[in-house]
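Dear colleague,

I am handing over the structure below, and I would be glad if you could look through it before reading my notes. The notes follow directly after it.

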Amino acid sequence: MMSATAASDAELIIKRSLEREIGLLDMKIRLAEEEIREFEQQYEMNSQEFMSRFEKGELGDSQDFFEWWGLLRGKDAIADEIKKAKAVLSL
């Protein structure tokens, strides 16, 4: 059985690891947001309009559009991971 000190140390290590991971994920979101803003400026439309039009097939198959779509989907997935990590930290 693990001693109280070892359990406390393990908990602290896990907490710090999750906090670091959240920091890295936050940075990934910021980088994705920068790239998304560049696409919004380049194509003069916001991401909501883009997603709607892209998913309806109105914009074609440009590599830029697939990259933009991927950035938006990736950003949502990262945000979900942050939410889960923060939930674990609050236990």
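In helix α1, the residues Ile 22, Leu 25, Ile 29, Ala 32, Ile 36 and Phe 39 are buried, and the buried residues of this helix pack against α2 and α3. Please keep in mind throughout that this is a predicted model. The spacing of such residues along a helix fits a general point: an α-helix has 3.6 residues a turn, so residues three or four places apart point the same way. As for its length, α1 has 40 residues and spans 58 Å from its first C-alpha to its last, which is close to the 58 Å expected at 1.5 Å a residue. After α1 comes Glu 44, whose phi is positive, near 50 degrees.

Helix α2 covers residues 47–55, and Ser 47 is found in it. Ser 47 is buried, with a relative accessible area of 10%, and, leaving aside residues up to four places away in sequence, Ser 47 touches Ile 36, Glu 40, Trp 68 and Leu 72. Ile 36, one of these contacts, is also among the buried residues of α1.

The aromatic residues deserve a paragraph of their own. The structure holds eight aromatic pairs. One of them joins Tyr 43 and Trp 68, which are stacked, at 6.1 Å centre to centre and with 25 degrees between the planes. Because Tyr 43 lies in helix α1 and Trp 68 in helix α3, this pair ties together parts that are 25 residues apart in sequence. As to burial, Tyr 43 is partly exposed, with a relative accessible area of 26%, whereas Trp 68 is buried, with a relative accessible area of 0%. Phe 50 and Phe 54 also form a stacked aromatic pair, with 5.3 Å from centre to centre and 25 degrees between the planes. Both of these residues lie in helix α2, four residues apart, which is about one turn of the helix. Phe 50 counts as buried at 0% relative accessibility, and Phe 54 is buried as well, with a relative accessible area of 13%. One aromatic cluster takes in Phe 39, Tyr 43, Phe 50, Phe 54, Phe 65, Phe 66 and Trp 68, and Phe 39 in that cluster is one of the buried residues of α1 listed above.

I also looked at the open space in the model. The largest pocket has a volume of about 180 Å³, and the residues that line this pocket are Glu 11, Leu 12, Ile 14, Lys 15, Leu 18, Val 88, Leu 89 and Leu 91. Helices α1 (4–43) and α3 (63–89) each supply at least two residues of the lining, with α1 giving the most, namely five residues. By chemical type, the lining residues of the largest pocket divide into six nonpolar, no polar and two charged.

Finally, a word on Lys 86, which has its place in helix α3. Lys 86 is partly exposed, with a relative accessible area of 46%. Although Lys 86 and Arg 20 are 66 residues apart in sequence, they are 11 Å apart in space, taken from C-alpha to C-alpha.

With kind regards

Conventions: Residues numbered from 1 in each chain as written. Predicted model: local features only at pLDDT ≥ 70, side-chain atom pairs only at ≥ 80, totals over all residues. Heavy atoms only, no water. 1 Å grid on protein atoms, 1.4 Å probe; cavity = no way out; pocket = protein on both sides within 12 Å on 5 of 7 lines; lining within 4 Å. Points joined across faces, edges and corners; volume = space filled by probe spheres on them. Nonpolar A, V, L, I, M, F, W, Y, C, P; charged D, E, K, R; others polar. Buried < 20%, exposed > 50% of the residue type's maximum accessible area, 1.4 Å probe, protein only. Contact = heavy atoms within 4.5 Å. Expected span 1.5 Å × (residues − 1). Phe/Tyr/Trp six-rings, centres within 6.5 Å; stacked < 30°, edge-to-face > 60°.
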